[in-house]
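Student: I am new to this structure and would like a close look at a single part of it. Please start with how the parts get their names, and then show me how that part sits among its surroundings.

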Amino acid sequence: MSKERLAAFTDAVLAIIMTILVLELSLPKSADFEALWDMRHSFAAYALSFFWLGTMWVSLHNEWHYIDAISKSVVWWSIVLLFFSSLIPYATKFVDENFMSEPAQVFYGVIVLCVTVSNIGMNFALEKANKDNAELINGFKSGRRLLFVDTTIKAVGMIIGITLFPPAVMISVVLTMIIFLVVSHI
């Protein structure tokens, strides 16, 4: 399989997942501002999930320009990444309907962490498949440090979400997304 075909498949699946997110939004109970305000958690969960997936897509897109080769391992890590990503609309809807719920927030956090860990696994597989590309290897190593910081922040958010304040899970995802955006513009 070529890297272009895998990238196109990944793009298509992520586009479908992001589209499903908006389809999961319920309509307001009435056509007034109070009903829209009552949906603030729905819009927040949707926006976070959409932009988090979008940030991941941009990162993947930027990495793939430098990739020379893929392996079966890369393909399977991509499938695992897309599997967990496909659960984001479900987890988002669960949080949307149970925003202050510890189980809903933790479920969302576990799915996000699984996507992140899959991304790290794919990163290692890509490094192995492109071992002669020094520039790519150096980029992967610095990117992995960022992914490990990302994972740590999300894990801390999960602990706070379980023990004190359930929305800390989503707040940690927002924080990591902001860090990725800032670092990518430096």
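Tutor: Let's begin with the naming. A helix here is a DSSP run of H or I with at least four residues, and helices are numbered from the N terminus. With that in hand, T10 can be placed in helix α1, and D11 belongs to α1 too. Please keep in mind that this is a predicted model. The mean pLDDT of the protein is 92, with 99% of its residues at 70 or more. Confidence is lowest in α7, with a mean of 89, and highest in α4, at 98.

T10 and D11 make a good warm-up. T10 counts as buried because its relative accessibility is 10%, and the cut-off for buried is under 20%. D11 counts as partly exposed, at 33% relative accessibility. If we leave aside neighbours within four places in sequence, T10 is in contact with L60 and L82. T10 and S78 are 68 residues apart along the chain, while their C-alpha atoms are separated by 7.5 Å. For D11 and L175, which are 164 residues apart along the chain, the C-alpha separation is 24 Å.

Now for the part I would like you to look at closely, α5, which runs over residues 88-97. Is this helix enclosed or open? Of its 10 residues, 7 are buried, so α5 is largely enclosed by the rest of the structure. The buried ones are I88, P89, A91, T92, K93, V95 and D96. Which elements do they pack against? The answer takes in α1 (3-23), α3, α4 (72-86), α6 (102-129) and α8 (168-184). So that you can find α3 as well, it spans residues 40-64.

Empty space comes into the picture here too. The whole structure has 1 cavity of 30 Å³ or more, and the largest cavity holds about 70 Å³ of space. Its lining is made by L21, E24, L25, S42, A45, Y46, P89, T92, K93 and D96. Two elements, α3 and α5, each give two or more residues to that lining, and α5 has the largest share, with 4 residues. By type, the lining residues are 5 nonpolar, 2 polar and 3 charged. You may recognise P89, T92, K93 and D96 from the cavity lining, since they are also among the buried residues of α5.

From α5 we can move on to the nonpolar core. The largest nonpolar core has 37 residues, and those with the most contacts inside it are W52, L53, W64, I70, V74, Y108 and L126. The elements giving two or more residues to this core include α5, along with α1, α3, α4, α6, α7 (134-163) and α8.

Two of the well-connected core residues show how this packing looks in detail. V74 sits in helix α4 and is buried, with a relative accessible area of 0%. Not counting residues up to four places away in sequence, V74 touches L6, W64, M122, A125, L126 and A129. V74 and V22 are 52 residues apart in sequence and 29 Å apart in space, C-alpha to C-alpha. As for L126, its contacts beyond four places in sequence are W64, I67, A69, I70, V74 and F140. W64 therefore appears among the contacts of V74, a residue buried at 0% relative accessible area, and W64 is also listed for L126.

One more space is worth a visit, this time a pocket. The largest pocket has a volume of about 750 Å³. It is lined by 29 residues, and the closest to its centre are S59, E63, G143, L146 and F180. Here the elements that give two or more residues are α3, α6, α7 and α8, and α7 gives the most, with 10 residues. The lining divides into 13 nonpolar, 12 polar and 4 charged residues.

Let's finish in α8, one of the elements packed against the buried residues of α5. T176 is placed in helix α8 and is buried, with a relative accessible area of 1%. Leaving out residues up to four places away in sequence, T176 touches D150, I153 and K154.

Terms used: Residues numbered from 1 in each chain as written. Predicted model: local features only at pLDDT ≥ 70, side-chain atom pairs only at ≥ 80, totals over all residues. Heavy atoms only, no water. 1 Å grid on protein atoms, 1.4 Å probe; cavity = no way out; pocket = protein on both sides within 12 Å on 5 of 7 lines; lining within 4 Å. Points joined across faces, edges and corners; volume = space filled by probe spheres on them. Nonpolar A, V, L, I, M, F, W, Y, C, P; charged D, E, K, R; others polar. Buried < 20%, exposed > 50% of the residue type's maximum accessible area, 1.4 Å probe, protein only. Contact = heavy atoms within 4.5 Å. Core = buried A, V, L, I, M, F, W, Y, C linked by side-chain atoms within 4.5 Å. pLDDT = per-residue confidence, 0-100.
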